[in-house]
Amino acid sequence: MQSAGNGDVATLVSSISSLFSQIPYELHIKDERYYHSVFLSFMMALGAHVEGEKSVSGGRIDAVLEMPKHLYVIEFKRDKNAQIAINQILAKHYSDGWTYLGKQKSIHLIGLDVNTSTRAVDVWQEPIG
């Protein structure tokens, strides 16, 4: 949680990847929604302010994690490409609803691609700029 609070995206993603990779093979489900629910459950158990399937004008965001100084808009993909997730965030204007927070919080757009063979985040991407 400290990494999310500090805006350390690389460490946050590494923690998410570690969480996914530690799930026993027998319990693993090869479904994108599975990763949403594991992530949401993990964050809720840690006491984080997180929303799943957050409805906005452009669609539904997989997860929004809000910290005192940072806000994370997260889109999951399974066995695809992190760029596809980023493109979806941008095309559907998922972060537009929080632009007013821009002066108070750093807004991070994160695309995660989960490899179901390794059960870990293979690729992640945050747009620059």
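Where is Gln104 found? I looked this up before anything else. Gln104 sits in the loop between α4 and β4. I keep in mind that the model is predicted.

**Entry: Gln104**

I asked next whether Gln104 is buried or exposed. Gln104 counts as exposed because its relative accessibility is 57%, and the cut-off for exposed is over 50%. I then took a distance to Pro68. Gln104 and Pro68 are 36 residues apart along the chain. Their C-alpha atoms are separated by 8.9 Å.

**Entry: the whole chain**

I stepped back to the overall fold. I found four helices and five strands in the chain. Reading along the sequence, I noted the pattern α-α-α-β-β-β-α-β-β. So three helices come before three strands, then a helix, then two strands.

I checked the overall dimensions. The C-alpha trace spans about 45 × 30 × 25 Å along its principal axes. For 129 residues, a compact globule would have a radius of gyration near 14 Å. The chain has 14 Å, which agrees.

I looked at burial and surface. Of the 129 residues, 43% count as buried. The accessible surface comes to about 6,900 Å². Carbon and sulfur atoms account for 51% of that surface.

I looked at contacts between residues at least 6 apart in sequence. Of these, 57% join residues at least 24 apart.

I looked at charge. The chain has 12 positive and 14 negative side chains. The centres of the two sets lie 3 Å apart.

**Entry: Lys77**

Which strand holds Lys77? I found Lys77 in strand β3, residues 70-78. Lys77 counts as buried, because its relative accessibility is 9% and the limit for buried is under 20%.

I then followed the side chain. The side chain of Lys77 makes a polar contact with the side chain of Gln88, at 2.7 Å. I also listed what Lys77 touches, leaving out residues up to four places away in sequence. The list is Glu32, Ile84, Ala85, Gln88, Leu112, Asp113 and Val114. Gln88 thus appears in my notes on Lys77 both as a polar partner and as a touching residue.

**Entry: Ile89**

I moved to helix α4, where Ile89 is placed. Is Ile89 buried or exposed? Ile89 counts as buried, because its relative accessibility is 2%.

I listed its contacts, again without residues up to four places away in sequence. Ile89 touches Val73, Glu75, Tyr94, Leu109 and Ile110. I also took a distance from Ile89 to Asp79. The two are ten residues apart along the chain, and their C-alpha atoms are separated by 18 Å.

**Entry: Asp79 and Arg119**

Asp79 had come up, and I turned to its backbone. Asp79 has a positive phi of about 55° although it is not a glycine. Asp79 lies in the loop between β3 and α4, the helix being residues 82-91. Asp79 counts as partly exposed because its relative accessibility is 39%.

What is phi of Arg119? I read a value near 55°, which is positive in a residue other than glycine. Arg119 is in the loop between β4 (106-115) and β5 (120-125). Arg119 counts as buried, because its relative accessibility is 15%.

Note on methods:
Residues numbered from 1 in each chain as written. Predicted model: local features only at pLDDT ≥ 70, side-chain atom pairs only at ≥ 80, totals over all residues. Heavy atoms only, no water. Rg over C-alpha atoms; globule rule 2.2 N^0.38 Å. Buried < 20%, exposed > 50% of the residue type's maximum accessible area, 1.4 Å probe, protein only. Contact = heavy atoms within 4.5 Å. Areas by Shrake-Rupley, 256 points an atom, 1.4 Å probe, with all protein chains shown as cover. Lys, Arg positive; Asp, Glu negative; His and termini not counted. Charge placed at Lys NZ, Arg CZ, Asp CG, Glu CD. Polar contact = N/O pair within 3.5 Å; in protein donor to acceptor, adjacent residues only side chain to side chain.
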